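I opened this one cold and kept notes as I went. Here is what I looked up, entry by entry.

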Amino acid sequence: MALGLIGKKVGMTRLFDQESGAMVPVTVIDVKGNTFAQIKTEDKDGYNAIQVAFDAQKESRVAKPQAGHFKKLGIQPTKLLKEFRVEASELPAEGAEDPGVDLFSAGQWVDVIGTSKGKGFQGAMRRHNFHAPRRTGGVGGCSTPGRVWKNQKMPGQMGNAKRTVQNLKVVAVRPEDNVILISGAVPGARGSYLVIRPAKKK
């Protein structure tokens with residue numbers, strides 16, 4: 001794994017490719033405020049990782065164990081802490097600048113992780129796209145199997161789940177606005193938190 005960023009979903013817009021004239025739908029992600037919180041090394045912690053903090057908040061809103069952790073690190077409490085496993089060669093030097101938009105470049109492929117919009121309790125029609133005869137049908141059976149199968153599609157909570165969209169292209173990086181423009185749609189509502197990391201399969 002490589003170092004990534006945490007951001008907030010601003011919304012969607014579109015750009016036009018200057019060469020082809022094609023319209024490209026993009027998601028705007030604000031990544032201002034990423035901070036190096038803790039550097040973990042194999043000698044001290046058993047593995048190499050970088051802990052990144054995002055979105056500052058009042059100390060009174062943080063649980064005491066977390067407040068102690070932030071105090072020990074000497075940084076302001078934040079709403080999010082995310083750890084990225086890295087190679088030893090990727091660990092930042094002492095006093096290195098906090099990660100920003102320059103971590104990614106236009107044309108790079110990334111994965112975006114977020115929490116999908118919650119839709120509440122939904123029936124099988126909406127949750128699983130059942131259409132005829134607009135009901136779940138028999139789910140257990142009297143004698144065989146005499147129980148409900150595991151993973152049987154049934155009504156229940158829809159959305160509000162962690163989702164990863166892979167192989168999205170970074171269309172543009174705007175350091176003056178601290179935003180990254182990524183092609184296509186990503187999980188979550190406006191203002192929700194997202195994790196951007198280099199693509200694992202590209």
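**Entry 1: a glutamate to start with**

Is E83 buried, partly exposed or exposed? I looked it up in what is a predicted model, and E83 comes out partly exposed, with a relative accessible area of 26%. The cut-off for buried is under 20%, so E83 does not get that label.

Next I wanted its partner. E83 and K40 meet through their side chains in a salt bridge, 3.0 Å from N to O. E83 sits in strand 5 (residues 78–85) and K40 in strand 3, so this pair ties together parts that are 43 residues apart in sequence. The two side chains are also listed as a polar contact, again at 3.0 Å.

**Entry 2: the lysine on the other end**

I moved over to K40, which belongs to strand 3 (residues 35–40). K40 counts as buried because its relative accessibility is 15%. So the bridge joins a buried lysine to a partly exposed glutamate.

What does K40 touch, once residues up to four places away in sequence are set aside? I noted D45, Y47, N48, A49, Q51, E83 and L91.

**Entry 3: the sheet around that pair**

I then checked how the strands here are arranged. Three strands make an open sheet in the order 3-4-5, with antiparallel pairing. Strand 3 and strand 5 are at the edges with a single partner strand each, so one side of each has no neighbour in the sheet. On average, neighbouring strands of this sheet are turned by 20 degrees against each other, direction ignored.

How many bridges join strand 4 to strand 5? I found seven, and the two strands run antiparallel. Q51 stands opposite E83 in strand 5, and Q51 is also one of the residues K40 touches.

**Entry 4: the other salt bridges**

The structure holds four salt bridges, so I kept looking.

K8 bridges to D55, with the closest N and O atoms 3.5 Å apart. K8 is in strand 1 (residues 5–16) and D55 is in strand 4 (residues 49–56), so the pair ties together parts 47 residues apart in sequence. K8 is partly exposed at 30% relative accessible area, while D55 counts as buried at 17%.

D111 and R197 also meet side chain to side chain, at 3.3 Å from N to O. This pair links distant parts of the chain, since D111 is in strand 6 (residues 109–115) and R197 is in strand 11 (residues 193–198), 86 residues apart. Both ends are covered: D111 is buried at 0%, and R197 counts as buried at 10%. I also noted that salt bridges with shared partners join K8, D55 and K79 into one network.

**Entry 5: strand 6 and its neighbours**

D111 got me curious about strand 6. Five of its seven residues are buried, so I wrote it down as mostly covered.

Which way do strand 6 and strand 9 run, parallel or antiparallel? They run antiparallel, joined by six bridges, and V112 stands opposite V165 in strand 9. Strand 6 is also joined to strand 11 by five bridges, again antiparallel. In strand 11, D111 has R197 as its bridge partner, so my salt-bridge pair turns up in the strand pairing too.

**Entry 6: the nonpolar cores**

Which members of the largest nonpolar core touch the most other members? Out of 14 residues, they are V31, V110, V112, I180, I182 and I196. Strand 6, strand 9 (162–174), strand 10 (179–183) and strand 11 each supply at least two residues of this core.

I picked I196 for a closer look. Leaving out neighbours within four places in sequence, I196 is in contact with G4, L5, I29, V31, F104, V110, D111, I180 and I182. Apart from this core lies another one of 10 residues, including L3, F36, V52 and V195.

**Entry 7: last stop, I29**

I29 was on the I196 list, and it is found in strand 2 (residues 23–30). I29 is buried, with a relative accessible area of 0%. Its contacts, with the same four-place neighbours left aside, are G7, K8, V10, N178, V179, I180, I182, L194 and I196. I29 and G191 are 162 residues apart in sequence, and their C-alpha atoms are 9.3 Å apart in space.

Conventions:
Residues numbered from 1 in each chain as written. Predicted model: local features only at pLDDT ≥ 70, side-chain atom pairs only at ≥ 80, totals over all residues. Heavy atoms only, no water. Helix = DSSP H or I, 4+ residues; strand = E, 2+ residues; numbered from the N terminus. Buried < 20%, exposed > 50% of the residue type's maximum accessible area, 1.4 Å probe, protein only. Polar contact = N/O pair within 3.5 Å; in protein donor to acceptor, adjacent residues only side chain to side chain. Contact = heavy atoms within 4.5 Å. Axes fitted to C-alpha atoms, helices over the stretch in contact; angles between N-to-C directions. Core = buried A, V, L, I, M, F, W, Y, C linked by side-chain atoms within 4.5 Å.
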